[in-house]
Amino acid sequence: MKQTMPDAETSDAELLRDYAQGHAAAMDRLVARYRSALFSWLLGMTGNRADAEDLFQEVWFRVIRHAGRFTDVSFKAWMWKIARNLLIDFRRKRKPDISLDAVEDEEDQPLVDTLVAKGAGPAEAVENDDLTRRVMRAVGTLPDVQREVFLMRVQGDFSFSEIAETLNIPLNTALGRMHDAMMKLKKMVAEEGQS
Amino acid sequence: MKTQTACIDPDTLEKELAGLATLVRQGFRLAGEPSPEVEEAIRQEALRCAGGRRARIFSPFYLKFAAAAGLMLLLGGAFQLHLIRQTGGPAEAAGLRLAQDAPKSASGKTEDNSGFAKMLLDIQGMDEEGYFTGEAAEALWL
């Protein structure tokens, strides 16, 4: 019988290799490992839950179907490249420009409203989420290239060199985009707070 | 005009990011995770594809391939055995090598130990056949 190591000790590549050899449980562990990070990134990039869920599912379907072809050094970077390509295709086909406030139809709930709807209670939502709400609104207005880098660092927990490698850009460009994103966010949050 | 970007220190960026990142993470935590339906769909797809991979291992093609590989190994082994028998085998070759490596005298000839022993016996007036069957030996038997 196959020995299973504690989750933290098993690398992504090992889990993917196990899955490619027919062990379905290995994929569950991989999904659990990146569920929050990937979904948050997609939610931040698409601006609504329905599209984020569609893309999230499609990313994992591709990972599952192409598990045997994985040859990259980093699984996370490989998966993010898949996610990014799917996002680009999705935007080409459906929506040319999306912000976190955008609502396409009644079923699509903008991210800022989703935050309040998912909060623990109305009192908490008012007290605790005002600043969060302002920050999230500001994140939604960032240009795509800056938002992508910002969310990869904050939600995906990528290092700047990993971001540069995954997006195929120079390190200084990644740092510059992050710097610009943060300057804009600070400015926007301050302005919203005053008004 | 191209924007001029000064060299940015990643450590300084990280320090500035700390407070902002906490709020952003909190925001996404409140936004929740993918729905159980989506996660179930992923799990089902993973099971389906993993099942397919397992099934391929036991497919008729793989089984035929394994049988053919086994047969090839068997035939190869039999052929090698046949070759060894025809050429005399490794044991004979090893014997030949030992004979070649035997100690040699200063003149370069292989020492003949039995001849040397016979010579010693001759000097003492004895011979190999008579030495062990003489009267002294008979007395010992009695």
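**Exercise 1.** Which hand does the crossing of H2(A) and H3(A) have, right-handed or left-handed? Work out the geometry of the helix pair and the make-up of its contact.

*Solution.* This is a predicted model, in which local features need pLDDT of at least 70, side-chain atom pairs count only at pLDDT 80 or more, and totals for chains, interfaces and linings use all residues. Residues are numbered from 1 along each chain as its sequence is written, chains are lettered from A and ligands numbered from 1 in the order in which they are written, and side-chain values use heavy atoms, with hydrogens and water left out.

Step 1. Helices (H or I, at least four residues) and strands (E, at least two) are DSSP runs, numbered from the N terminus. Axes are lines fitted to C-alpha atoms, for helices over the stretch in contact, and angles run from 0 to 180 degrees between N-to-C directions. For H2(A) and H3(A), the latter covering residues 49-65, the angle is about 140 degrees and the axes are 9 Å apart.

Step 2. Angles under 35 degrees count as roughly parallel, over 145 as roughly antiparallel, 65 to 115 as roughly perpendicular and the rest as oblique; H2(A) and H3(A) are therefore oblique to each other.

Step 3. A crossing is left-handed if the near helix is turned anticlockwise from the far one by less than a right angle, and right-handed if clockwise; that of H2(A) and H3(A) is right-handed.

Step 4. With contact meaning heavy atoms within 4.5 Å, residues of H2(A) including Leu38(A), Phe39(A) and Leu42(A) meet residues of H3(A), among them Phe56(A), Val59(A) and Trp60(A). Ala, Val, Leu, Ile, Met, Phe, Trp, Tyr, Cys and Pro count as nonpolar, Asp, Glu, Lys and Arg as charged, and the others, Gly among them, as polar, and by these classes the contact of H2(A) with H3(A) has 15 nonpolar, 1 polar and 4 charged residues.

**Exercise 2.** Describe how H1(A) and H2(A) are joined, by packing and by a salt bridge.

*Solution.* Step 1. H1(A) and H2(A) pack at about 145 degrees with their axes 7 Å apart, and their crossing is left-handed. The contact involves, among others, Leu15(A), Leu16(A) and Tyr19(A) of H1(A) and Met27(A), Leu30(A) and Tyr34(A) of H2(A); its residues comprise 8 nonpolar, no polar and 4 charged.

Step 2. A salt bridge is a side-chain nitrogen of Lys or Arg within 4 Å of a carboxyl oxygen of Asp or Glu, and one is formed by Asp12(A) and Arg33(A), whose closest N and O atoms are 2.6 Å apart. Asp12(A) lies in H1(A) (residues 12-20) and Arg33(A) in H2(A) (residues 24-46), so the pair ties together parts that are 21 residues apart in sequence.

**Exercise 3.** Characterise H8(A) through its packing partner and the loops on either side.

*Solution.* Step 1. H4(A) (residues 75-93) and H8(A) (residues 160-167) pack at about 50 degrees, their axes being 10 Å apart, and are therefore oblique to each other, with a right-handed crossing. Residues in this contact divide into 3 nonpolar, 1 polar and 5 charged.

Step 2. In the loop between H7 (144-154) and H8 of chain A lies Asp157(A), which has a positive phi of about 60 degrees although it is not a glycine. Asn168(A), found in the loop between H8 and H9 (171-194) of chain A, likewise has a positive phi of about 60 degrees without being a glycine.

**Exercise 4.** Summarise the interface between chain B and chain A.

*Solution.* Step 1. In this interface 34 residues of chain B are in contact with 51 residues of chain A. Buried area is the accessible area (1.4 Å probe) that two parts lose on being put together, summed over both; here it is about 3900 Å², 66% of it on carbon and sulfur atoms.

Step 2. There are 6 salt bridges between chain B and chain A, and the side chains of Arg35(A) and Glu39(B) meet in a salt bridge at 2.9 Å, N to O.
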